[in-house]
Amino acid sequence: MNRLLLAAYPRSHRSRQGREVLDCLAEAYPGRSWPPPREVAALVRAGSLARVRAAEDTARPWWVDGVHLAALVLAALALVPYLQDVWDWALRIDPGEHAMGFRFAGWYPWSEGPGTQPGTLPYGLLPLVCLVALLRGRAWIALPASAAMVCAGATTGAWTFFGAEGVVGPGYYGLGAPILARDLVLSGVLTAACAVLTVRGRGRLRRRSYAWLVPVACAMFVAGGLRIASYDPLFQRGWLVAEIAALIAAWAATAATGDYRWMIPVAAFAVVRLQAIVTHPMLMESPRMPGTAILLGLVAPLPVLAFAAQRRRDRALP
């Protein structure tokens, strides 16, 4: 079981020091197949920081990686409300009354069903295509998919290829307010990032393993299999925790490497979230989540990241 902990470390680190780590664990905790929780947390933390440092690559400009990370974050952000729809469509499940933004009209796009519009596909397929293409470093594939997101959001109710309901979408809250498909800031920024990566990042983008899609498949299973909709309070709280954890992870990566590239996805996330708050100020008046706290939580990470990066660079100079 100790070998599972080594998965947190990059492959180069495992090949050099993996055996040494296993021997140390066997000597420190004889007869145990799993170390104490504190040791597990320390190993996972050290492995995660080692992965972040190993991700630094001087062959690519830092801003290219930053824009790439921002595009991945925005694609995932756009996909989240439609996980259940994509799951139902992929497994040919008729959601019935559990439909989120896409009412199943048969397996084929041109099929029709009673009370449904003909020729509909789930809107969530577009951000999913963007996410998979960006993970594999294929920005030229993600660009038309993101442009289709802009068109679908701009023609809400008129372009029924993805279904009127699938275009509107239920949105979700997370930090601040719901983000809907018709809010073009998210899809517009995603399209701009994909265009930059297509023009300036060709042949220089990092290609990540398909293993990164395992969390996406698990999220689809949870949302679709358990019928946890994006408007469900449990979903809202879980996604709020996920967004806060992502911001903390960006700070930890910046503090560990002194790299400014992590500021780009955080800035893109803040812009999209602030636009949603201004457009849909529903939670800004909620006593449980004061508006000033939300705005501070979105704006504060940028100077914090800049300070962390500069402090790390100053320490490295001597």
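**Helix packing and buried salt bridges**

In helix H6, the buried residues (under 20% relative accessible area, with exposed meaning over 50% and partly exposed in between, for a 1.4 Å probe and protein chains only) are Leu125, Leu126, Pro127, Leu128, Cys130, Leu131, Ala133, Leu134 and Leu135. That puts 9 of the 11 residues of H6 out of sight, so to speak, and the helix is mostly covered. Helices here are DSSP runs of H or I of at least four residues, strands are runs of E of at least two, and both are numbered from the N terminus. The model is a predicted one, in which local features need pLDDT of at least 70 and side-chain atom pairs count only at pLDDT 80 or more, while totals for chains, interfaces and linings use all residues. Residues are numbered from 1 along each chain as its sequence is written, and side-chain values use heavy atoms, with hydrogens and water left out.

As for the overall layout, the protein has 14 helices and 0 strands, so to the eye the run of elements from the N terminus reads α-α-α-α-α-α-α-α-α-α-α-α-α-α. Of its 318 residues, 44% are buried. Contacts (heavy atoms within 4.5 Å) were also sorted by separation along the chain: among those between residues at least 6 apart in sequence, 73% join residues at least 24 apart.

Back to H6. Its buried residues pack against H4, helix H5 (83-90), H7, H9 and H10. One of these partners, H7 (residues 139-154), has its axis within 8 Å of the axis of H6 (residues 125-135), and the two cross at roughly 160°. Axes are lines fitted to C-alpha atoms, for helices over the stretch in contact, and angles run from 0 to 180 degrees between N-to-C directions. H6 and H7 therefore count as roughly antiparallel (over 145 degrees; under 35 is roughly parallel, 65 to 115 roughly perpendicular and the rest oblique). The crossing of H6 with H7 is left-handed, a label used when the near helix is turned anticlockwise from the far one by less than a right angle, with clockwise giving right-handed. On the H6 side, the contact is made by Leu126, Pro127, Val129, Cys130, Ala133 and Leu134, and on the H7 side by Ala139, Ile141, Ala142, Ala145, Ser146, Ala148 and Met149. Sorted by class, that makes 12 nonpolar residues, 1 polar and no charged ones. For this sorting, Ala, Val, Leu, Ile, Met, Phe, Trp, Tyr, Cys and Pro count as nonpolar, Asp, Glu, Lys and Arg as charged, and the others, Gly among them, as polar. After H6 comes glycine 137, with a positive phi near 75°.

A second helix pair is H4 (residues 62-79) with H9 (residues 184-200), packed at an angle of about 145° with axes 9 Å apart. This crossing, too, is left-handed. H4 brings Trp63, Val64, Val67, His68, Ala71, Leu74, Ala75, Leu77 and Ala78 to the contact, and H9 brings Leu186, Val189, Leu190, Ala193, Val196, Leu197 and Arg200. The residues of this contact divide into 14 nonpolar, 1 polar and 1 charged.

Now for the charges. Salt bridges (a side-chain nitrogen of Lys or Arg within 4 Å of a carboxyl oxygen of Asp or Glu) number 3 in the whole structure. Aspartate 65 and arginine 206 meet in one of them, at 3.4 Å from N to O. Aspartate 65 sits in helix H4 and arginine 206 in the loop between H9 and helix H10 (214-225), so the pair ties together parts 141 residues apart in sequence. Both aspartate 65 and arginine 206 are buried. Aspartate 65 also pairs with arginine 261, with the closest N and O atoms 2.4 Å apart. Here the link runs from helix H4 to the loop between helix H11 (233-257) and helix H12 (263-279), across 196 residues. Relative accessible area is 8% for arginine 261 and 6% for aspartate 65, and both residues are buried. Put together, Asp65, Arg206 and Arg261 are linked in a network of salt bridges.

Arginine 273 forms a salt bridge with glutamate 243, at 2.6 Å between the closest N and O atoms. This pair joins helix H12, home of arginine 273, to helix H11, home of glutamate 243, and so ties together parts 30 residues apart in sequence. Arginine 273 and glutamate 243 are both buried. Alanine 242, also found in helix H11, is partly exposed at 33% relative accessibility. The C-alpha atom of alanine 242 is 8.6 Å from that of glycine 174, which is 68 residues away along the chain.
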